[in-house]
Amino acid sequence: MKGAMGSINTNRLMNPRTMTFVETQCRRTRYQELCVRTLSNYVNATSQDPQEIAQVALKVSLAKAINTKYYIMKVCKEFNQINKSNKNNNQAAKDCLDQISDGVSQLTNSVKELQHLRLDGERAFEWHQSNVQTWLSTVLTDAYTCMEGMNNLGHASMGGKMKAMIKAKVLNVAQVTSNALGLFNGFAARHKASHHVGYGKNKP
C-alpha cells in the first residue's frame, strides 16, 4: 500500500464530499496517510457513515492479518523442512504464528461485534464497545510481541529477507489495526453523544 496519497484515486470515482469525510475521520488516527489510502480504496464511494468506515477499517485489518498468518505458516513449514536444527528460528516463527492467529480471531470477533451494535439496541452498546476495544488492543499487543521476538533473534539467526518480510507484514497489521481502533472510538463517541441525550436517568 505504498505511494503518494494523491495517486490513490486514479481508479476510483469517489464523491469529493466523501473524500473530505474520509480525511476528516482519519484525523483521529495515528497513521493518517495510511488511513486515507486504505479507506479510499475500500469504502463506499458515497459513504458518510462513521460506522461503515469503522467496519471497513476492521475488515481491512482482518484481511491483512489473515494474509500475514498464511505467510508465517509458510515460513514455519520451510523451517520444519530445511532448518530443523535451529530451534530459535522455529520457535520464534511458531510464537509469531500463534500471536497472529490470535489476532485473526480477535479481529473476526470485532467485525461481528460491530455488525451487532445496531441490532441489539442502545442498552447493549457499551458492552459491544468494550469488547471491540479489548479485542483490538489484544491484536496490537500480539503484533508488537511478534515483532519483538523477531528482533531478539539477531541478524544471523534468520534469513534477512524472510525476517524483514515478517516484520513488515506484522507492522502493517498493527498500523491498520491502530487506525481501525481510532476510527471505532470516534464512531462510538459520536454515536453515544447523539443517542444518549436524555437516556439513562429517566429510563428504567
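## A tour of the cysteines and the nonpolar core

Begin by selecting Cys-96 and Cys-146, which form a disulfide with their sulfur atoms 1.6 Å apart. Keep in mind throughout that this is a predicted model. Colour the helices at this point, and the pair is seen to link distant parts of the chain, with Cys-96 in helix 4 (residues 87–116) and Cys-146 in helix 5 (residues 125–152), 50 residues apart. Turn next to the bond itself: the torsion about the S-S bond of Cys-96 and Cys-146 is about -55 degrees, so this disulfide is left-handed. With a surface displayed, Cys-96 is buried at a relative accessible area of 1%, and Cys-146 likewise counts as buried, at 2% relative accessibility.

Now select Cys-26 and Cys-35, which a disulfide joins with an S to S distance of 2.0 Å. The torsion about the S-S bond of Cys-26 and Cys-35 is about -75 degrees, so this disulfide is left-handed. Both Cys-26 and Cys-35 are buried. The count of disulfides comes to two, and when the bonded cysteines of the chain are numbered in sequence order, the pairing reads 1-2, 3-4.

Move on to Cys-76. Why does its sulfur not bond with the one in Cys-96? The sulfur of Cys-76 lies 8.3 Å from the closest cysteine sulfur, the one in Cys-96, and that is too far for a bond, given that a disulfide requires sulfur atoms within 2.5 Å. Cys-76 is itself buried, with a relative accessible area of 11%.

From here, widen the selection to the largest nonpolar core, which has 49 residues, and highlight those with the most contacts inside it: Leu-39, Ile-72, Cys-96, Ile-166, Val-170 and Phe-184. Cys-96, the starting point of this tour and a partner in the disulfide with Cys-146, thus appears again in that list. Showing the helices once more, you can follow how helix 1 (16–26), helix 2 (32–42), helix 3 (50–82), helix 4, helix 5 and helix 6 (160–195) each supply at least two residues of this core. Which helix gives the most to this core? Helix 3 does, with 12 residues. As a general background to this view, in soluble globular proteins nonpolar side chains tend to be buried together.

Finish by selecting Ile-72 and displaying its surroundings, where, leaving aside its neighbours within four places in sequence, Ile-72 is in contact with Ala-93, Cys-96, Leu-97, Ile-100, Ile-166 and Val-170. Among these partners, Cys-96, Ile-166 and Val-170 are also named with Ile-72 as residues having the most contacts inside the core.

Terms used: Residues numbered from 1 in each chain as written. Predicted model: local features only at pLDDT ≥ 70, side-chain atom pairs only at ≥ 80, totals over all residues. Heavy atoms only, no water. Buried < 20%, exposed > 50% of the residue type's maximum accessible area, 1.4 Å probe, protein only. Helix = DSSP H or I, 4+ residues; strand = E, 2+ residues; numbered from the N terminus. Core = buried A, V, L, I, M, F, W, Y, C linked by side-chain atoms within 4.5 Å. Contact = heavy atoms within 4.5 Å.
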